[in-house]
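This report describes one protein chain, beginning with how accessibility is classed and then turning to the fold, the aromatic rings and one helix.

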Amino acid sequence: MFTVHHPWVFAFGLLGNVISFMVFLAPLPTFIRVYKKKSTEGFQSLPYVVAIFSAMLWIYYALLKGNSVLLITINVAGVIIETIYVAIYITYAPRQPRISTLKLLLLMDFCGFGAIVLFCHYLFHGEIRLQVYGWICVVISISVFAAPLSVMRTVVRTKSVEYMPVNLSFCLLLTATVWFFYGFVQKDMYIALPNVVGFLLGVAQMVIYAIYRKHDKQAKKQKLPEFASPIKQEIVEIQSIPNKTEDVIPPHEEPLEIEVVIGNKDNTIVGGDDEEVVGDLYGPPQGPAVCSVDAEKISGGPAGPASVQLVQCAV
């Protein structure tokens, strides 16, 4: 346990536990959605499997070193939480991703971790064992911290911060800072060193976010609004009303306004040059509507009683 001679170790260790616990809980909304929808929606399991592996390594390191209760508590919590995430993923993932995740668990978290522990236990003794195992933890932790490099590359390539989870990146920056001071106060370079790399990468992410967030705002201001007024053509049926009087509209008078029902006849729309395009291009039938047509210019002349003719009308 910690004594009064190490108040800063206890303070940074406790603060590191709180922040790291919040980071472990960050993917919780994602897995609640997976549980509700019964689908993984294309999410990958690799980050969670690697998180279990890293936490298991640090638990064993704390046991080898001794007097590292707070290092053990947070990593035990991490193993439990990340294992729940992986279990949910395996439950609802499609067959191939499920098999891949199980293989990864077997190779990394069981065979890989077991091989490292046996390697250090039987080939090294005393202080040398702790040093060798400590450097293994450093290398793996730096690899985990380097994972956001792909996100940073995406932001630079697309010039957009849409794909950067800034809240999570900020929490990881805080975590690296706190655990660096924890290792620094304890004079433990195996804890401090990888968190220096994590701190530098976290600062780089914040700088890139600030630069390209400003770029996004400028792009939105400069972007002109786009107005579209498409004109579509529909096949309409014109049903003529029998005219029993001699009052016929003269040829040169104003166009006759006729009430028509507009719809996609058999989902078919006639294009130019009599080319027929079949498909529900404009959604469900509409109508009734009013279409102004010239009775004298309808193909075939004025419609006779109770006849139906087809014309094209812009609506």
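## Accessibility classes and the model

A residue is called buried when its relative accessible area is under 20%, exposed when that area is over 50%, and partly exposed in between. By this rule Phe 124, at 21% relative accessibility, counts as partly exposed, and Phe 119, at 38%, also counts as partly exposed. The model in which these residues are placed is a predicted one.

## The chain as a whole

The chain has 315 residues, of which 36% count as buried, and its secondary structure comes to 9 helices and 6 strands. Where residues at least 6 apart in sequence are in contact, 73% of those contacts join residues at least 24 apart.

The accessible surface of the chain comes to about 19,900 Å², and carbon and sulfur atoms account for 66% of that area.

## Aromatic pairs and a cluster

A search of the whole structure finds 14 aromatic pairs. One of these is formed by Trp 58 and Tyr 61, which meet edge-to-face with 5.4 Å from centre to centre and 80 degrees between the planes. Both residues belong to helix 3, which spans residues 46-65, and they are 3 residues apart, or about one turn of the helix; Trp 58 and Tyr 61 are both buried.

The rings of Phe 119 and Phe 124 have their centres 5.4 Å apart, and because an angle over 60 degrees between the planes counts as edge-to-face, their angle of 70 degrees makes this pair edge-to-face. The setting of this pair is described by the accessibility of its members, since Phe 119 and Phe 124 each count as partly exposed.

Elsewhere, Trp 8, Phe 12, Phe 180, Phe 181 and Phe 184 form one aromatic cluster. An aromatic ring also takes part in a contact of another kind, in which the charged end of Lys 38 sits over the ring of Tyr 35, 4.2 Å from the centre of that ring.

## The two sides of helix 7

Which residues of helix 7 are buried? In this helix, made up of residues 149-158, the buried residues include Met 152, Thr 154 and Val 155. These three cover an arc of only 160 degrees around the axis, and therefore they lie on the same side of helix 7. Arg 153 and Arg 157, in contrast, are exposed on the other side of the helix.

Helix 7 is followed by Lys 159, a residue whose phi is positive, near 55 degrees.

Methods
Residues numbered from 1 in each chain as written. Predicted model: local features only at pLDDT ≥ 70, side-chain atom pairs only at ≥ 80, totals over all residues. Heavy atoms only, no water. Phe/Tyr/Trp six-rings, centres within 6.5 Å; stacked < 30°, edge-to-face > 60°. Helix = DSSP H or I, 4+ residues; strand = E, 2+ residues; numbered from the N terminus. Buried < 20%, exposed > 50% of the residue type's maximum accessible area, 1.4 Å probe, protein only. Lys NZ or Arg CZ within 6 Å of the ring centre and 35° of its normal. Contact = heavy atoms within 4.5 Å. Areas by Shrake-Rupley, 256 points an atom, 1.4 Å probe, with all protein chains shown as cover. Arc of directions from axis to C-beta.
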